Amino acid sequence: MRRVKRVICGLLAVLMLVVSIGEPVTAEAATGSLPYYIKINRKQNCVTIYKQDSKGKYTVPVKAMACSTGVNNATPLGTFTLSNKYRWHMLMGNVYGQYCSRITGGVLFHSVYYSAQDPSKLAYNSYNRLGQAASHGCVRLNVADAKWIYDNCPSGTRINIYDGNDPGPLGKPDPVRIDTSSPYRGWDPTDPSKNNPWQKMKPTIKGAKNKTIERCSKTPDLKKGVTATDYKGTKLKVKVSGKCDTGKSGKYKITYTAKDSKGSTTKKTITITVRDTKKPTVKIKESTLTIEEQLSDSKLVSRLKENVTATDSGEKLSGKYVTIKADKLRTAMKEQNYGTYTVTVYAKDKAGNCSKKYTFKVKYVNPEPEEPIEPEEPTEPEEPTEPTEPAESTETTESTETTDTQTNQWI
């Protein structure tokens with residue numbers, strides 16, 4: 001049975017080469033003034049369009065297309081010249097093609113065929129074979145590609161059909177596939193017609209959601225968890241635009257864009273909110289600070305702040321974010337009441353988050369203390385003099401003697 005089908009296909013291909021469909025015209029001679037040169041890799045079912053380089057040679061690839069050439073090599077090899085063009089044209093088997101451009105004889109570029117001259121009557125099963133041999137000899141394309149050649153490659157454009165293992169410098173595009181269970185399956189998804197229902201089905205973007213992150217946290221991977229698919233469920237590339245500054249609180253707009261193979265585009269914008277909820281931290285340099293001079297309120301506060309380091313998420317805060325409570329010390333300085341006082345300090349960041357309260361001591365010292373009065377040294381007492389024996393009194397002796405004499409006399 002397969003052999004019979006192959007024979008029939010071969011005969012049909014021969015007939016197409018012999019019979020020219022449509023009104024014949026004389027092709028213009030190919031010249032260097034034509035914008036493009038077309039190469040068809042029959043083996044790879046890939047078309048590549050070239051434009052001229054600076055030397056006028058067609059060496060610069062500009063576009064690649066997946067196609068269906070003829071089964072059993074029914075599409076002829078060689079170099080040909082593009083000629084007739086038809087917006088709609090009847091093909092073999094009483095079917096129709098859109099945007100037809102004649103290559104040679106009965107071999108044309110055209111869309112996949114329709115059962116009627118109606119863009120909703122597409123042979124969708126044949127459409128899903130784009131990228132492999134499937135025709136009777138013509139070069140089938142999706143509507144968008146057939147229209148591009150129809151619009152951009154005038155009569156006289158040269159075409160080279162060859163066999164090669166490499167599809168071409170731009171590679172071979174992945175053909176758009178149709179979900180055969182879809183109610184829109186009778187339409188070519190690439191057809192630019194405003195009535196094409198596929199045009200209303202834009203890509204779907206999932207996973208793009210609003211986020212809230214902490215300031216100074218790691219920059220989030222904006223593509224993580226975000227996917228895009230076309231109407232067939234085929235994955236699409238997602239482009240991300242917009243920036244998020246994690247070092248600054250605020251709201252940032254991030255836009256995701258996905259574009260499918262038929263040119264339909266979907267955009268989705270999310271908001272990333274960067275907020276600051278972490279409390280700043282405070283470190284005290286010296287637990288006891290000594291001040292030996294009378295300072296004004298402003299200089300005193302500056303001096304006290306120098307003893308403090310405040311940070312917010314690793315960033316150093318300037319002194320204006322540090323608050324000093326030292327009322328007793330201020331009063332003491334005004335009244336010159338020297339002594340040791342307790343100072344309280346805390347920090348408040350730009351977002352209004354307050355740190356814990358910390359304390360340290362301040363010794364307020366008199367810079368010119370009065371010198372103490374030294375007591376006088378006691379004088380040493382005079383050494384006592386030795387007593388002298390009393391001198392003998394003559395009178396007494398005489399008296400005694402007299403008495404004795406008298407006494408003696410009385411005896």
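Start with the sheet: in this predicted model, five strands form an open sheet with mixed pairing, in the order E3-E2-E1-E9-E4. Select its two edges, strand E3 (58-66) and strand E4 (78-81). Each has a single partner strand, so one side of each is left without a neighbour in the sheet. Look along the sheet to see the twist: on average, neighbouring strands are turned by 25 degrees against each other, direction ignored.

Next, select strand E2, residues 46-52, together with E3. The two run antiparallel and are joined by seven bridges. Strands of a sheet pair through backbone hydrogen bonds, either parallel or antiparallel. To see one position across this pair, pick Val47, which stands opposite Met65 in E3.

Now add helix H3, residues 143-152. Helix H3 lies across E2, E3 and strand E1 (37-41), and runs at about 145 degrees to E3.

Move on to helix H5, residues 327-335. Which residues of H5 are buried? They are Leu329, Arg330, Ala332 and Met333. These four cover an arc of only 165 degrees around the axis, which puts them on the same side of H5. An α-helix has 3.6 residues a turn, so residues three or four places apart point the same way. Turn to the other side of H5 to find Asp327, Lys328, Lys334 and Glu335, which are exposed.

To see what covers the buried residues of H5, show helix H4 (297-305) and the strands E18 (288-291), E21 (322-325), E22 (339-347) and E23 (358-364), which are among the elements there.

The last stop is Gln336, which follows H5 and has a positive phi, near 55 degrees.

Notes. Residues are numbered from 1 along each chain as its sequence is written. This is a predicted model: local features need pLDDT of at least 70, side-chain atom pairs count only at pLDDT 80 or more; totals for chains, interfaces and linings use all residues. Side-chain values use heavy atoms; hydrogens and water are left out. Two strands pair if DSSP finds at least two bridges between them. Axes are lines fitted to C-alpha atoms, for helices over the stretch in contact, and angles run from 0 to 180 degrees between N-to-C directions. Contact means heavy atoms within 4.5 Å. Buried means under 20% relative accessible area, exposed over 50%, partly exposed in between (1.4 Å probe, protein chains only). The arc is that of the directions from the helix axis to the C-beta atoms.
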